[in-house]
Amino acid sequence: SNTANKVFDFDSYTAYDHYKFVFKRLETALDGYNLRGWVSADGSDYFDTSGSYRTTGSKTYYDGSSYGHNSASTSSSFLLHQSLGNDATYGLSGELNVFHPLNSSFATACTYLLMAYTSDNTVYTTTGASFRLNAEDNRYIKFNFGVSAMEAGTITLYGVKDA
């Protein structure tokens, strides 16, 4: 609650080639902020500038009377869900899968499926995928809502073992 950033250090856990984050009812303190995520090799320099990623997503929405589909893309974050509302009844929920973050032979990649009731009283489902554009050991991942704090909700991290 009331934290600006949530950081996970993959080296603090058993090493896996696949990690799954489950977001449950994440709420932003202020209305209309985006959930973003970034990776880092050292925990201090998060790759948050243009040209660091190739991220694409698809948003499906329904506002009670109309529905539609938009696309979203960015080169400055690993994860993007736009315009969250701060109504305590709803929040953001979903999954993020991160692939081979600790393997410097491959670019760190992810897929995500998120849903939220947003600041414009619309339900959005966002699906997306991303690659960090350099192959490196990305020990850390950070999530935040920009200048708005994370007010409530949980983020659970799972390591997925190869069968």
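Strands are DSSP runs of type E with at least two residues, and helices are runs of H or I with at least four, both numbered from the N terminus. The views below show a predicted model, in which local features need pLDDT of at least 70 and side-chain atom pairs count only at pLDDT 80 or more, while totals for chains, interfaces and linings use all residues. Residues are numbered from 1 along each chain as its sequence is written, and side-chain values use heavy atoms, with hydrogens and water left out.

**View A. H81 in strand 6 and its polar partner T126**. H81 lies in strand 6 and is buried, with a relative accessible area of 0%, where buried means under 20% relative accessible area, exposed over 50% and partly exposed in between (1.4 Å probe, protein chains only). The side chains of H81 and T126 are joined by a polar contact of 2.9 Å; such a contact is a pair of N or O atoms within 3.5 Å, one able to donate a hydrogen and the other to accept it within protein, and residues adjacent in sequence count only if both atoms are side-chain atoms. Neighbours within four places in sequence aside, H81 is in contact (heavy atoms within 4.5 Å) with N34, L35, L92, L114, A116, T118, Y124 and T126.

**View B. The surroundings of T55 in strand 4**. T55 belongs to strand 4, which covers residues 53-62, and T55 counts as buried because its relative accessibility is 5%. From this position the T55 side chain reaches the backbone oxygen of S77 at 2.6 Å. With neighbours within four places in sequence left aside, the residues in contact with T55 are A72, S73, T74, S77, F78, Y112, A129 and S130.

**View C. Two residues with positive phi, S83 and H100**. Most residues other than glycine have a negative phi. S83, in strand 6 (residues 79-84), nevertheless has a positive phi near 55°, and S83 counts as partly exposed at 22% relative accessibility. H100, also not a glycine, has a positive phi of about 45° and is placed in the loop between strand 7 (92-99) and strand 8 (107-117). At 17% relative accessibility, H100 counts as buried.

**View D. Aromatic pairs around F8 and F143**. Rings of Phe, Tyr and Trp (its six-membered ring) pair if their centres lie within 6.5 Å, and planes under 30 degrees apart count as stacked, over 60 as edge-to-face and the rest as tilted. This rule gives a count of 10 aromatic pairs. The pair of F8 and F143 is edge-to-face because the ring centres are 6.2 Å apart and the planes stand at 70°. Distant parts of the chain are linked by this pair, with F8 in strand 1 (residues 5-9) and F143 in strand 10 (residues 140-144), 135 residues apart. F8 is buried at 6% relative accessibility, and F143 is buried at 0%. Another edge-to-face pair is formed by Y16 and Y19, at 5.9 Å centre to centre and with 90° between the planes; Y16 is partly exposed at 27%, whereas Y19 is buried at 1%. One aromatic cluster is formed by F8, F10, Y16, Y19, F21, F23 and F143.

**View E. Lysine charges over the rings of F8 and Y46**. A charge sits over a ring if NZ of Lys or CZ of Arg is within 6 Å of the ring centre and within 35 degrees of the ring normal. The charged end of K6 occupies such a place over F8, 5.3 Å from the ring centre, and the charged end of K142 does so over Y46, 4.5 Å from the ring centre.

**View F. Strand 7 with its partners, strand 2 and strand 8**. Two strands pair if DSSP finds at least two bridges between them. Strand 7 pairs in the antiparallel sense with strand 2 (residues 18-28) over seven bridges, where F23 has G94 of strand 7 as its bridge partner. Strand 7 also pairs in the antiparallel sense with strand 8, over eight bridges, and the partner of F99 in strand 8 is A109.

**View G. The largest nonpolar core and L35**. A nonpolar core is a set of buried Ala, Val, Leu, Ile, Met, Phe, Trp, Tyr and Cys residues joined through side-chain atoms within 4.5 Å. The largest core has 30 residues, of which F21, F23, L35, L96, I141 and F143 touch the most other members. At least two residues of this core come from each of strand 2, strand 3 (33-40), strand 6, strand 7, strand 8, strand 10 and strand 11 (150-160). Leaving aside neighbours within four places in sequence, L35 is in contact with L26, L79, L80, H81, L84, L92, F143, N144, F145 and M150.
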